[in-house]
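Me: I'd like to go through the wording used for this model. Could you show it first?

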Amino acid sequence: MGCPPRLAAAVAGGLGWYSLAGVSVSSAAGVAAGSIAFLSNLLREIGAFLLIPLVARRVNAYACIAVAGATNEDTTLPMILRYTDGETAVLSVLNGVICSAFVPVLLSLC
């Protein structure tokens with residue numbers, strides 16, 4: 001509707017990495033867009049803390065990896081360890097590293 005697709009992709013392209021997404025989008029598209037990117041990615045991380053226990057119980061352990069995005073390798077890793085197994089934690093760290101490597105690329109493309 002009111003948001004261009006490239007801007008929406010840039011906001012979502014932060015994958016939970018709010019500190020980088022907010023600054024990058026702000027410098028490219030303005031302060032308002034950067035604030036939206038920051039808040040969107042911050043809420044994704046907070047949502048991951050709330051949803052990981054629920055997703056681990058109701059869906060499966062691997063689905064918890066998708067909930068957290070790039071934060072798998074650092075801030076949400078303790079939650080992954082607590083509510084899943086060691087194999088899922090290793091995959092979670094690998095996913096976090098891959099997502100974190102691609103966030104700057106995604107943001108620059110959008």
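**Helix 6 and its neighbours**

Reply: Sure: helix 6's buried residues pack against helix 1 (5-12), helix 2 (18-29), helix 4 (63-68) and helix 5 (77-83). The model is predicted, so local features need pLDDT of at least 70, side-chain atom pairs count only at pLDDT 80 or more, and totals for chains, interfaces and linings use all residues. Residues are numbered from 1 along each chain as its sequence is written, and side-chain values use heavy atoms, leaving out hydrogens and water.

Me: How do you know that the end C-alpha atoms of helix 6 agree with the expected span?

Reply: The expected span is 1.5 Å times one less than the number of residues. For the 24 residues of helix 6 (residues 86-109) that gives 34 Å, and the end C-alpha atoms are 34 Å apart, so the two agree.

Me: Why is Asn95 called partly exposed?

Reply: Buried means under 20% relative accessible area and exposed over 50%, with partly exposed in between (1.4 Å probe, protein chains only). Asn95 has 22% relative accessibility, so partly exposed is the label. Asn95 sits in helix 6 and touches Ile65, Gly69 and Asn72, not counting residues up to four places away in sequence; contact means heavy atoms within 4.5 Å.

Me: What makes helix 2 and helix 3 roughly antiparallel?

Reply: Their axes cross at roughly 165° and come within 7 Å. Angles under 35 degrees count as roughly parallel, over 145 as roughly antiparallel, 65 to 115 as roughly perpendicular and the rest as oblique, so helix 2 and helix 3 are roughly antiparallel. Among the residues making the contact are Tyr18 and Ala21 of helix 2 and Val31 and Ala33 of helix 3.

Conventions: Helix = DSSP H or I, 4+ residues; strand = E, 2+ residues; numbered from the N terminus. Axes fitted to C-alpha atoms, helices over the stretch in contact; angles between N-to-C directions.
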